[in-house]
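Trainee: Could you take me through the aromatic ring pairs in this model, and then whatever else seems worth a look along the way?

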Amino acid sequence: MVASHVLTIMNNVSLHALKSVSCFTAVTYYSTSHLCDDECFLHDKTLSVFYFLSMIAKPLFFIIIGYIDEERKISTQYIFLKIKSIFLIVVFWNLLFLFMDANLFKRGYLLQNGVLLSIAIIYLCHPILAKVLYRPFSAVLAMFFLVILSVSLHLSIAPCDTWYAIHFYDYYGVIFSVAYYLFGRVLGSAQGQRLTKRVGMLWTARAGLVPAAVLFIIYEGLISNHVLIRSWTWYLLEPLIISIFCLLIFIIFDNLIIHNKFIIKTVSFISPAMVGVYIIHYSVFYLFSTAYDINNVTLRFTLLVAVFMASVIVSRLLLLNKYTSQVISL
């Protein structure tokens with residue numbers, strides 16, 4: 001399993017590097033935000049940076065998965081194995097942590113912040129998605145429909161959060177993830193690759209990256225500081241801005257050719273463990289936080305990197321055994 005994954009990485013080193021960075025950002029923000037209630041060991045500005053990066057980290061993760069699946073021309077057998085793996089992972093970790101700490105269930109940790117749930121929905125609905133992808137226009141309509149559906153669920157469920165044991169409104173992004181996966185599949189098609197690999201598109205992406213980042217920060221500042229403007233219009237603008245920002249980053253990395261052997265080896269080591277990192281990262285972070293007072297740590301960002309690398313190493317060790325690998329990787 002790992003060997004075939006490494007072979008795929010060799011063909012898309014830059015995209016797998018971007019996927020690994022996205023995973024680091026997403027899980028780091030998720031862990032720190034759960035530990036930071038009234039007081040945080042990170043500076044407010046540092047946490048804000050992680051927040052903004054995490055907003056684009058998960059979309060990038062699913063765009064890249066969709067792109068790679070389209071390049072692979074995945075088969076029915078491949079999809080069946082994915083569904084089987086997801087079912088085994090979810091059942092195993094739910095049973096394990098339900099007996100160890102039921103509070104983790106209430107926090108929504110066992111759903112991995114929607115990542116595993118999103119992947120499960122994607123592959124369960126793959127026959128429908130495959131039909132949609134036959135025509136670019138139908139794919140665009142499907143993405144727009146998923147965005148409308150996700151926004152509707154968020155606006156309707158969020159006010160009723162107290163009625164649920166699990167914070168379901170945290171998972172309205174699951175449907176968004178399916179839309180981003182579709183976006184990745186479109187980019188991975190022959191027409192999509194011809195478009196994104198044009199020299200003009202690359203220079204456009206480079207020129208537009210900073211303005212898009214500024215627009216994104218201004219938008220998030222407005223919607224977070226002015227609660228009264230939260231409406232359909234504003235919530236529909238968010239996925240549009242994020243999609244543009246992610247597309248620009250994707251084009252830059254898709255056209256990036258990495259020859260450095262150290263980077264290639266590092267990405268080949270880290271990337272196969274990404275799903276495992278999503279699963280165990282919070283537990284590793286929790287162990288670090290209980291071992292000593294993280295508020296007194298001088299090199300705080302180094303701590304975050306150390307926790308991430310520890311999670312990668314644990315995941316890689318679990319991947320060495322055929323039985324443990326089944327509950328840590330897809």
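Mentor: Happy to; here are the ring pairs, followed by a helix and a residue further along the chain.

A word on the ground rules: this is a predicted model, in which local features need pLDDT of at least 70, side-chain atom pairs count only at pLDDT 80 or more, and totals for chains, interfaces and linings use all residues. Residues are numbered from 1 along each chain as its sequence is written, and side-chain values use heavy atoms, with hydrogens and water left out.

Rings of Phe, Tyr and Trp (its six-membered ring) pair if their centres lie within 6.5 Å; planes under 30 degrees apart count as stacked, over 60 as edge-to-face and the rest as tilted. By this rule there are seven aromatic pairs. Take Y78 and Y123: their ring centres are 6.4 Å apart and their planes stand at 70 degrees, so this pair is edge-to-face. Y78 belongs to helix α4 (residues 76-100) and Y123 to helix α6 (residues 115-124), so the pair ties together parts 45 residues apart in sequence. Helices here are DSSP runs (H or I, at least four residues), numbered from the N terminus. Both tyrosines, Y78 and Y123, are buried, meaning under 20% relative accessible area with a 1.4 Å probe, protein chains only. Ring pairs also link Y78, Y123 and Y181 into a cluster.

Now to the phenylalanines. The rings of F216 and F245 have centres 6.0 Å apart and planes at 40 degrees, so they form a tilted pair. This pair links distant parts of the chain, with F216 in helix α11 (residues 199-225) and F245 in helix α12 (residues 232-254), 29 residues apart. F216 is buried at 2% relative accessibility, and F245 is buried too, at 10%.

Next, helix α9 (residues 173-188). Its 16 residues should span 22 Å, and its end C-alpha atoms are 22 Å apart, which agrees; the expected span is 1.5 Å times one less than the number of residues. Of the 16 residues of α9, 14 are buried, so the helix is largely enclosed by the rest of the structure.

Finally, look at I328, in the segment after α15 (300-319). I328 is buried, with a relative accessible area of 1%. Leaving aside residues up to four places away in sequence, I328 touches several others, including I89, W93, V275 and L319; contact means heavy atoms within 4.5 Å. I328 and L88 are 240 residues apart in sequence, yet 9.4 Å apart in space, C-alpha to C-alpha.

How values were computed
Helices (H or I, at least four residues) and strands (E, at least two) are DSSP runs, numbered from the N terminus. Buried means under 20% relative accessible area, exposed over 50%, partly exposed in between (1.4 Å probe, protein chains only).
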